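The following note is offered to a colleague who is meeting this structure for the first time. Its points are best read with the structure open alongside.

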Amino acid sequence: MDYYKTKTCKLRGTTYKELLPQAREIYRQIARRTRRTPYVRSKYFNGEKVFLNVFWAHFSQKTSVDRTRRLKYYACAMELLQNSQKQPSLKPNPNGRHEIVYRFAGRTRSGETFFVQVKEDKNGAKHFISVFDQQ
């Protein structure tokens, strides 16, 4: 698998309460650019929009420990979504027959591996679903 090397560091903090305000601020900065659904433009998808709101719904279903683990990579995930042109792995979504899941691999500045998942629905819209580290 081909990894995208980020220039961004992981978010600093060890607890969910420390990490959430940092991640929400990154999200707010992106959301301020539009009045509608927040998105980033992806180089891999030729400048198409990748919507960010599905992540927060999916994220709220996780345990506190899992949330903390995932939030650390939020800033790196935003950079990867915007700048990566590396080939992701593809697979059909097990939860939706007409959806495709792209899994991008990345490495932080300190060399830690993480993955970003983007779902493409049957209409062609792309949604950022998840970010997680290699356990």
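**Notes on the structure**

1. The lining of the largest pocket comprises four nonpolar, four polar and three charged residues. In this classification Ala, Val, Leu, Ile, Met, Phe, Trp, Tyr, Cys and Pro are nonpolar, Asp, Glu, Lys and Arg are charged, and the others, Gly among them, are polar. The lining residues are V54, H58, K91, N93, P94, N95, V101, R103, Q117, K119 and I129. Two or more of them come from each of α2, β5 and β6. Helices (H or I, at least four residues) and strands (E, at least two) are DSSP runs numbered from the N terminus. The volume of this pocket is about 200 Å³. A pocket is found on a 1 Å grid over the protein atoms alone, as an open set of points where a 1.4 Å probe fits, with protein on both sides within 12 Å along at least five of seven lines; lining residues have an atom within 4 Å of a point. Points are joined across faces, edges and corners, and the volume is the space filled by probe spheres set on them.

2. On the basis of the model: it is predicted, so local features need pLDDT of at least 70 and side-chain atom pairs count only at pLDDT 80 or more, while totals for chains, interfaces and linings use all residues. Residues are numbered from 1 along each chain as its sequence is written, and side-chain values use heavy atoms, with hydrogens and water left out.

3. The largest nonpolar core has 30 residues, of which Y74, L81, V116 and F128 touch the most other members. Such a core is a set of buried Ala, Val, Leu, Ile, Met, Phe, Trp, Tyr and Cys residues joined through side-chain atoms within 4.5 Å. At least two residues each are supplied by α1 (16-31), α2 (53-59), α4 (74-83), β5 (100-107), β6 (113-120) and β7 (126-133). The largest share, seven residues, belongs to α4.

4. Helix α4 merits a separate look, since eight of its 10 residues are buried (under 20% relative accessible area; exposed is over 50% and partly exposed in between, with a 1.4 Å probe and protein chains only). The buried residues are Y74, A75, C76, A77, M78, E79, L80 and L81. Beyond four places in sequence, L81 touches V40, R41, S42, K43, V50, L52, V116, V118 and F128, where contact means heavy atoms within 4.5 Å.

5. Is H127, in strand β7, buried or exposed? H127 has a relative accessible area of 15% and is therefore buried. Outside its neighbours within four places in sequence, H127 contacts V50, F51, N53, V54, Q117, V118, K119 and D121.

6. H58 belongs to helix α2 and is one of the residues lining the largest pocket. Its relative accessibility is 24%, so H58 counts as partly exposed. Not counting residues up to four places away, H58 touches R70, I129 and S130. The C-alpha atoms of H58 and E120 are separated by 15 Å, with their positions 62 residues apart along the chain.

7. The salt bridges number 10, each defined as a side-chain nitrogen of Lys or Arg within 4 Å of a carboxyl oxygen of Asp or Glu. K86 pairs with D2, their closest N and O atoms lying 3.8 Å apart. This pair links distant parts of the chain, 84 residues apart: K86 is in the loop between α4 and β4 (89-92), and D2 in the segment before β1 (3-5). K86 is partly exposed at 30%, as is D2 at 41%.

8. E112 and K10 form another salt bridge, with closest N and O atoms 2.9 Å apart. E112 lies in the loop between β5 and β6 and K10 in the loop between β1 and α1, so the pair ties together parts 102 residues apart in sequence. E99 and K119 are also paired, at 3.8 Å between the closest N and O atoms. Here E99 is in the loop between β4 and β5 and K119 in strand β6, 20 residues apart; both E99 and K119 are buried. Shared salt-bridge partners join D66, R69, R70 and D133 into one network.

9. N46, in the loop between β2 (39-42) and β3 (48-51), has a phi near 55°, a positive value in a residue other than glycine. Most residues other than glycine have a negative phi. N46 is exposed, with a relative accessible area of 72%.
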